[in-house]
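Me: Please choose one part of this structure and take a close look at it. I would like a single connected account that starts there and then sets the part in its wider surroundings.

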Amino acid sequence: MDIARRNNVSVTGNPQGPVVVLAHGFGCDQNMWRLTVPALADDYRLVLFDYVGSGGSDPSAFSEARYASLEGYAQDVVEVCEALDLRDAVFVGHSVSAMIGVLAAERAPERIGALAMVAPSPRYIDDVDYHGGFSAEDIDELMASMEANYLGWSAAMAPAIMGNAERPELGEELTGSFCATDPDMARVFARATFLSDSREDLKKVDVPTLILECAQDVIAPREVGAFVHGAIPGSTLVTLGATGHCPHLSAPEATNTALSGFLAGLR
């Protein structure tokens, strides 16, 4: 199988630099990192890709059985790293990709040497002594709405996820990204995302880890950032003065500064 074609892999930046893998979240693709790439390209070899079912990936490679859980997406990451023979890469994961990175690092520790989590959440549904931001009923309604009218759901949800109502072009971009995703594949990824629980996996993380949270985020509230920070020994938590769930688009300078500082500290 041609992994590079399957996952629409692109490699850019400094060929001699340390490797940084940039992984997009649900409903997105690698283009969401376009404001981060220029900030890192001089010093790092950057690997970007699309999960199967997203962006420019090969839709014929999609399997509901494989991608019904986050483990399938983690296997994508491992196979991309193997195909490029990456060693000790820094995995930068947005949203659900942060947890996918945790799973991939556990599977292939020689491939991933550090994690940077952008707006992560290990569980979206509230639990005893855990505030994920959503009730089980909220998620049931979200999934039912998506099943009934994916495009309508995208038009309503994407701006809420993005935040920054005073900058509608950001919400419009995310809406366009959601709508460009095959609805059936998106539903599978959504279920894998919003029904996941990776809290126990966080305890196994033993690599340098940066957690970037936003001051206001309806998808990953600050209680979640504090939980992730507390669960990963030695992790660094940075609260960006940003609104919404996509700071690499809404507050790229602050996001890039935090990422650059973390990466510099690893060298």
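Reply: A helix here is a DSSP run of H or I covering at least four residues, and helices are numbered from the N terminus. The model under discussion is a predicted one. The part chosen is Arg 66, which belongs to helix α3 (residues 64–67).

Arg 66 has a relative accessible area of 27%. Because buried is reserved for values under 20% and exposed for values over 50%, Arg 66 counts as partly exposed. Its side chain is joined to that of Tyr 67 by a polar contact of 3.4 Å. Once residues up to four places away in sequence are set aside, Arg 66 touches Arg 6, Gly 72, Gln 75, Asp 76 and Glu 79. Val 188 is 122 residues away from Arg 66 in sequence, yet their C-alpha atoms are 9.9 Å apart in space.

A contrasting site is Thr 36, in the loop between β2 (19–23) and α2 (37–40). Thr 36 is buried, with a relative accessible area of 0%. Beyond residues up to four places away in sequence, Thr 36 touches His 248, Asn 256 and Leu 259. With Asn 256 there is also a polar contact of 3.2 Å between the side chains.

Asn 256 and Leu 259 lead to helix α13, being among its buried residues together with Thr 255, Ala 258, Phe 262 and Leu 263. Viewed down the axis of α13, these buried residues fall within an arc of 165 degrees, so they line one face of the helix. The face turned away from that buried side carries the exposed residues Glu 253, Thr 257 and Gly 265. The length of α13 can be checked as well: its 15 residues (252–266), at 1.5 Å a residue, should span 21 Å, and the end C-alpha atoms are 21 Å apart, in agreement.

The wider interior completes the picture. In soluble globular proteins, nonpolar side chains tend to be buried together. The largest nonpolar core in this model has 70 residues, and Phe 26, Tyr 51, Tyr 73, Val 77, Ile 100, Met 117 and Leu 174 touch the most other members. Helix α5 (residues 96–107) supplies the largest share of this core, eight residues. Apart from that core lies another, of 24 residues, with Val 20, Val 37, Val 90 and Leu 259 among them. Leu 259 is thus a residue of this other core, a buried residue of α13 and a contact of Thr 36.

Conventions. Residues numbered from 1 in each chain as written. Predicted model: local features only at pLDDT ≥ 70, side-chain atom pairs only at ≥ 80, totals over all residues. Heavy atoms only, no water. Helix = DSSP H or I, 4+ residues; strand = E, 2+ residues; numbered from the N terminus. Expected span 1.5 Å × (residues − 1). Buried < 20%, exposed > 50% of the residue type's maximum accessible area, 1.4 Å probe, protein only. Arc of directions from axis to C-beta. Contact = heavy atoms within 4.5 Å. Polar contact = N/O pair within 3.5 Å; in protein donor to acceptor, adjacent residues only side chain to side chain. Core = buried A, V, L, I, M, F, W, Y, C linked by side-chain atoms within 4.5 Å.
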